[in-house]
Amino acid sequence: MVASTVTVLTVTASGCVTVHGEREVIPSATKAEADRALKDFLTAYNKAEKEYDPALDAARVTGPLSAINQAGLKSKGARNPGGNPDQVPLELTDAKYSIPKKAGWPRWFVADTKSNRRGDLRWLLVFTKGSADQLWEASYLNLVSPGKMPELKKDKDGWAEPVELDSPALAVAPKNLGKEYTTYLGSGGDTFAPGDHTSTWKAFRDKNTKRRGIAVQYIDEPKNDGTFAPVGLRTQDGGAMVFFSTHHYEKQTAAKGVNLTVEPEVKPLLTGEVKQSVTLERVSNQVVVDPAGAGKVTFLSRIQGLTGAKGE
């Protein structure tokens, strides 16, 4: 995902002027940089998928996408040491970029692309970099139906507007979405609109706390630090499209005499010995529409992946 942006405002001996990215409000990337970031990500992603080797795209992913991608490749590689001979390389075309103007670091932008997988769903990727010396890395990935995409606010030059993480003008401040979501999964509420990733998932989990001699406990935590921090763009109607991440644990404890089954994809990520219990660790990244003022937050997409397991 890569090419560095101009970062210093000085008049050089040749009379050229560059810009202090730390203080000036400037686009996070140029269109050419965004194109290169997407191309570099795709090249690394396909190499890693072909070999099932997380090292091959580790430098091009970060945050929740890195956690999901790297653990998934580790698990597949352990089960398929020869890689993936039947791989159909991922293709991302028709890229549309929403690049916010902002001051300082980190910088980020959203790529809205068409893929050769999953029908007509658009692949939304957030690319981020923490300094001029870093590579562009993909931190979020979500698949969204074109008909559900909100219209983003753009200025006369086509640049997007980032939303403040503590914005009081939205139904939920973006920095609080992870906390609100994990609270909802535990005790419910009316913060989120009904749907697959809210009411349906909560109902499934509520009914799934006991399985034939196995007790199931769920623990959910917001994930807001560093490259897991939420990011959002203003929509035309005053709301925002926000990406955020969460951490989910599922502890299965067997009654005496009952054996726990450890699935093949879990074993490569397992630490400890499964005697009476196993705790599955998952990272989830999601994109929502957060309306202006009062209203319910609506999910556009959520992708979750197993990232670890611990036996006891």
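Which side chain is joined to that of Thr246 by a polar contact of 3.0 Å? In this predicted model, the partner is the side chain of Gln286.

**Confidence**

Averaged over the chain, the pLDDT is 92, and 93% of the residues reach a score of at least 70. Residues 1-21 have a pLDDT below 50, and this stretch nevertheless has 58 contacts in the model beyond near neighbours in sequence.

**Thr246 and its surroundings**

Thr246 belongs to strand E10, which runs over residues 240-254, and with a relative accessibility of 0% it counts as buried, because the cut-off for that class is under 20%. Setting aside neighbours within four places in sequence, the contacts of Thr246 include Gly178, Tyr181 and Thr182, and also Glu221, Pro222 and Lys223; Arg282, Val283, Ser284 and Gln286 are in contact with Thr246 as well. Gly178 lies 68 residues from Thr246 along the chain, yet the C-alpha atoms of the two are separated by 5.9 Å.

**Helices H3 and H4 and the loop between them**

Helix H3 spans 177-187 and helix H4 spans 196-207, and the loop between them holds Thr191. The axes of H3 and H4 are 9 Å apart and the helices pack at an angle of about 45°, which makes H3 oblique to H4. On the H3 side the contact is made by Tyr181, Tyr184, Leu185, Gly186 and Ser187, while H4 contributes His197, Thr198, Ser199, Trp201, Lys202 and Arg205. The crossing of H3 past H4 is right-handed. Tyr181 thus appears both in the contact with H4 and among the residues that touch Thr246.

In the connecting loop, the side chain of Thr191 makes a polar contact of 3.5 Å with the side chain of Glu180. Not counting residues up to four places away in sequence, Thr191 touches Val172, Glu180, Gly295, Lys296 and Val297.

Asp166 is found in the loop that leads from strand E6 (137-144) to H3. With a relative accessible area of 47%, Asp166 is partly exposed, and beyond residues up to four places away in sequence it touches Ala173 and Lys175. Asp166 and Asn176 are ten residues apart in sequence, with their C-alpha atoms 8.0 Å apart in space.

**Helix H2 and the loop before it**

Gln70 is placed in helix H2, residues 63-79, and counts as buried at 19% relative accessibility. Apart from its neighbours within four places in sequence, Gln70 is in contact with Pro54, Asp57, Ala58 and Val61. Tyr52 lies in the loop between helix H1 (31-51) and H2, and Tyr52 is also buried, at 16% relative accessibility.

**Backbone features**

Tyr52 has a positive phi although it is not a glycine, and Asp94, likewise a residue other than glycine, has a positive phi too. Asp94 is located in strand E2, residues 92-98, and counts as partly exposed. The phi and accessibility values of these two residues are set out below.

| Residue | Phi | Relative accessibility |
|---|---|---|
| Tyr52 | about 50° | 16% |
| Asp94 | near 50° | 41% |

A further backbone feature concerns the peptide bond from Trp105 to Pro106, which is cis with omega near -5°. Pro106 itself is placed in the loop between strand E3 (101-102) and strand E4 (107-115).

Notes: Residues are numbered from 1 along each chain as its sequence is written. This is a predicted model: local features need pLDDT of at least 70, side-chain atom pairs count only at pLDDT 80 or more; totals for chains, interfaces and linings use all residues. Side-chain values use heavy atoms; hydrogens and water are left out. pLDDT is the predictor's confidence in each residue, from 0 to 100. Contact means heavy atoms within 4.5 Å. Helices (H or I, at least four residues) and strands (E, at least two) are DSSP runs, numbered from the N terminus. A polar contact is a pair of N or O atoms within 3.5 Å; within protein, one must be able to donate a hydrogen and the other to accept it, and residues adjacent in sequence count only if both atoms are side-chain atoms. Buried means under 20% relative accessible area, exposed over 50%, partly exposed in between (1.4 Å probe, protein chains only). Axes are lines fitted to C-alpha atoms, for helices over the stretch in contact, and angles run from 0 to 180 degrees between N-to-C directions. Angles under 35 degrees count as roughly parallel, over 145 as roughly antiparallel, 65 to 115 as roughly perpendicular and the rest as oblique. A crossing is left-handed if the near helix is turned anticlockwise from the far one by less than a right angle, and right-handed if clockwise.
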